[in-house]
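Work through the exercises below with the sequence and the model side by side. Try each task before you read its solution.

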Amino acid sequence: MSLEQLLAGRPDLWRGRATPAAVPAGVPTGYPALDAALSWGGWPPASLTEILDARPEGTLGLVLPALVRLSQGPRWLLLVDPPLPPFAPALAARGLDLTRLVVVAAGGDAAWAAEQGLRSGACSAVVIWGAGAAWRLVALRRLQIAAQTGGALALLFRGEAQARNPSPAALRLWVRPLAAGLEVEVIKQRGGRLGRSLRLPWA
Amino acid sequence: MHWLAIHLPKLPLEVYPGALASSLPLAVGLDPGGEPILLCNASAQGRGVRPGLAAGAARALAADLRILLRRPEAERAALERLAAWCIRFTPQVSLAPPAGLVLDVAASLRLFGGGEAIRAAVETGVMGLGYGCTCCLAPTAGGALILAEQGQGGVIAGRAALRSALAALPVSALDLDRRGRDDLAAMGLRRLADLLRLPRAGLAARLGPGLVRQLGRLLGDEPDPRPAFAPPDGYAGQLELPAEVPDAGGLVFACRRLVEELCGYLLGRQAGVQRLEWRLSHADLPDTAFVLGASTPGRDPAVWLALLRERLGRLTLPAPVRALTLMARDVRPLLPGPLDLLPELAQTIAPDSGLLDRLRARLGEGAVRGLQALPDHRPERAWRWCLPGEAGLWQGRADRPLWLLPEPRPLDVRGQRPWYGGPLDLGTERERIETGWWDGLEVARDYFVATTDGGARLWIYRDRHGRRGWFLHGVFG
């Protein structure tokens, strides 16, 4: 039993974690355990989230429940540079409204395309598969600002090796596949606690 | 105070790109031999060349003077394009060739905020399109035109003011033949004031009824009907560049003039376009052509210029560009959407089509796509690319992987079992898909959900035809 779990079992203990009053409500991830670990109660709204994953196709399953929820709105969902075509019947079966989905093959212009989508305000979420490209700190900061401007969720998949590099993202997760689900570690969270490791079953 | 006349004094030179500002002395005459100089640029004027000078005398003043041939058809085309642009101010635009336009603005004065405001708006707009002009607003069409031709811009408020403004003009401003002009000179009549003082009946007996009718039209005593200009169905504009432009980025500025002209034409017709056809002409190579598309008809120059900038950024030119052509054929009526009584309560945020247009302009038409699910058992046929926003036909299946490989990838087999970086655990479920013999893509496969050592779940199948090999077809994300 880890120290974290011991402490979590003592509701009478004040742990000095001052929750800022004005944390905006996040977009529910669809995984209650993950929602509980994040200070927004979901994906940080209008901010950049980085998901570090060794696999090039990233963890679409982790973000899919949030995309399904957002696809009910009037705005686009932009998928920038997915390494393979997402399989439409599987997405439709999970409730994603495919008429809101736009797949962009940006090639070398992924950063530009993502920024356009975020800034325009016409997208509720922009998912970027960025493992193939080198993202400089400036490019990441631009994404974060564009997400704020357009009020959109920016979800960026990158390789595991990036965990050591600094990033302006509001939230960074490190994801590893397990036999029956996913292991998710929070490695950066604005205004929240780090080092939390979660096991999520497949949704 | 109803008629706005536009006179373009430099039109014969302006149809030659860059001629006005050229440092070489240039002049326009109808015939390079005999005809006197009609117009000359600043450089020629600096050397003493004046309009009306004989060609020989002009050449004596400036030996390197180039006398250009007049291009009446180009002048007419420019005038018509300008007329199409002017339709934004009033539907009643008439051509007054060779270098004038008359607009009946009686019904537009209130909308544009009065006579001086509309006159200034027209003047600024025409100059923005690259033409020098004099604009005069007067109670009669003929009066406004003749004043503008004489370089007197401004607003003439009433009939009395018009009469006194006309009185100051020389008789040469009138449209007379040579004999008529000689007659007037012989009678000692130099200004219009001298003519207006004379009794009309005697004037008609001596100089013919034509002159009297002309005076009557100028003053508004006679009707002066003018046929309205009918704008063409499509737009086609051409611009010759003053100098060859070697790179695509430098073309944006030149294109702006054509785009502004097009959007003015569209505004006047209450129409929009979805496709702009561009053609860039080179010196000795075939033209470079491209089409700029938008998902909804539009006429906002800023939007089109933003799209154009992205498209030009992607373009590599085989050679420097000499001329631009812009064509818009599918002109469609564009009706303003209904306005809400309480706009702040309207919750429907329409997805911004401009975003997708921008992405398409920079990344290419095929780079921005939507996905559609189709009812077919074969995974390859169960989806297809479509335009974003197109509705699919199938609700899909939940037991399918999130990713499908474009082509099934053959898997190694070791010890009778499929291998993918390690042995695969096939699980217990098996799904047989055997169909499609009628349309050329016949499949007979057994699908499994396989798990790797690392925990990744793969969708693999064993072909039931031929070599009975194993293939990787999808990845559960």
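The exercises start with chain B as a whole and end with the cores.

This is a predicted model: local features need pLDDT of at least 70, side-chain atom pairs count only at pLDDT 80 or more, and totals for chains, interfaces and linings use all residues. Residues are numbered from 1 along each chain as its sequence is written, while chains are lettered from A and ligands numbered from 1 in the order in which they are written.

**Exercise 1. Take stock of chain B.**

Task: Find how many helices and strands chain B has, and what percentage of its residues are buried.

Solution. Start with the elements. Helices (H or I, at least four residues) and strands (E, at least two) are DSSP runs, numbered from the N terminus. Chain B has 15 helices and 22 strands.

Next, burial. A residue is buried if 20 or more other C-beta atoms lie within 10 Å of its own, exposed if 12 or fewer, and partly exposed in between; the C-beta atoms are placed from the backbone. Of the 477 residues in chain B, 35% are buried.

Last, contacts. Two residues are in contact if their C-beta atoms, placed from the backbone, lie within 7 Å. Take the contacts in chain B between residues at least 6 apart in sequence: 56% of them join residues at least 24 apart.

**Exercise 2. Place strand 1 of chain B.**

Task: Decide whether the faces of strand 1 of chain B are covered or open, and name its partner strands.

Solution. Look at the faces first. On one side sit B:Trp3, B:Ala5 and B:His7; on the other sit B:Leu4 and B:Ile6; all are buried. Five of the five residues of strand 1 (residues 3-7) are buried, so the strand is largely enclosed by the rest of the structure.

Now the partners. Two strands pair if DSSP finds at least two bridges between them. Strand 1 pairs with strand 7 (residues 134-138) of chain B in the antiparallel sense, over five bridges. There, B:His7 stands opposite B:Thr134, and B:Leu4 has B:Leu137 as its bridge partner. Strand 6 (residues 100-104) of chain B also runs antiparallel to strand 1, joined by five bridges. B:Ala5 is partnered by B:Val102 in strand 6.

Finally, the sheet. It is open, has five strands in the order 5-6-1-7-8 of chain B, and its pairing is mixed. Its edge strands are strand 5 (93-96) and strand 8 (154-155), each pairing on one side only.

**Exercise 3. Read another sheet of chain B.**

Task: Explain why one side of strand 3 and of strand 4 of chain B is left without a neighbour in the sheet.

Solution. Write down the order: this open sheet of three strands runs 3-2-4 in chain B, with mixed pairing. Strand 3 (39-40) and strand 4 (66-69) stand at the edges with a single partner strand each, so one side of each lacks a neighbour in the sheet. Check one pair: strand 2 (residues 26-29) runs parallel to strand 4, and four bridges join them. B:Gly29 stands opposite B:Leu69 in strand 4.

**Exercise 4. Describe a helix pair.**

Task: Work out how helix 11 and helix 12 of chain B are oriented to each other.

Solution. Axes are lines fitted to C-alpha atoms, for helices over the stretch in contact, and angles run from 0 to 180 degrees between N-to-C directions. The axes of helix 11 (residues 200-207) and helix 12 (residues 209-219) of chain B come within 6 Å and cross at roughly 135°. Angles under 35 degrees count as roughly parallel, over 145 as roughly antiparallel, 65 to 115 as roughly perpendicular and the rest as oblique. Helix 11 and helix 12 of chain B are therefore oblique. Helix 11 makes the contact with B:Arg200, B:Leu203, B:Ala204 and B:Leu207, and helix 12 with B:Pro209, B:Leu211 and B:Val212.

**Exercise 5. Cross from chain B to chain A.**

Task: Find how many residues each chain gives to the contact, and which elements of chain B give two or more.

Solution. Chain B gives 44 residues and chain A gives 37. On the chain B side, helix 15 (353-363), strand 14 (368-373), strand 16 (403-410) and strand 22 (470-476) give two or more residues. Strand 3 (residues 101-104) of chain A pairs with strand 14 of chain B, antiparallel, over two bridges. A:Val104 has B:Val368 as its bridge partner.

**Exercise 6. Find the cores.**

Task: State how many residues the largest nonpolar core has, and which helix gives the most to it.

Solution. A nonpolar core is a set of buried Ala, Val, Leu, Ile, Met, Phe, Trp, Tyr and Cys residues joined through C-beta atoms within 7 Å. The largest has 91 residues; A:Val80 and A:Val104 are among those with the most contacts inside it. Helix 3 (residues 60-70) of chain A gives the most, with seven residues. A second, separate core has 74 residues, including B:Leu137 and B:Leu308.
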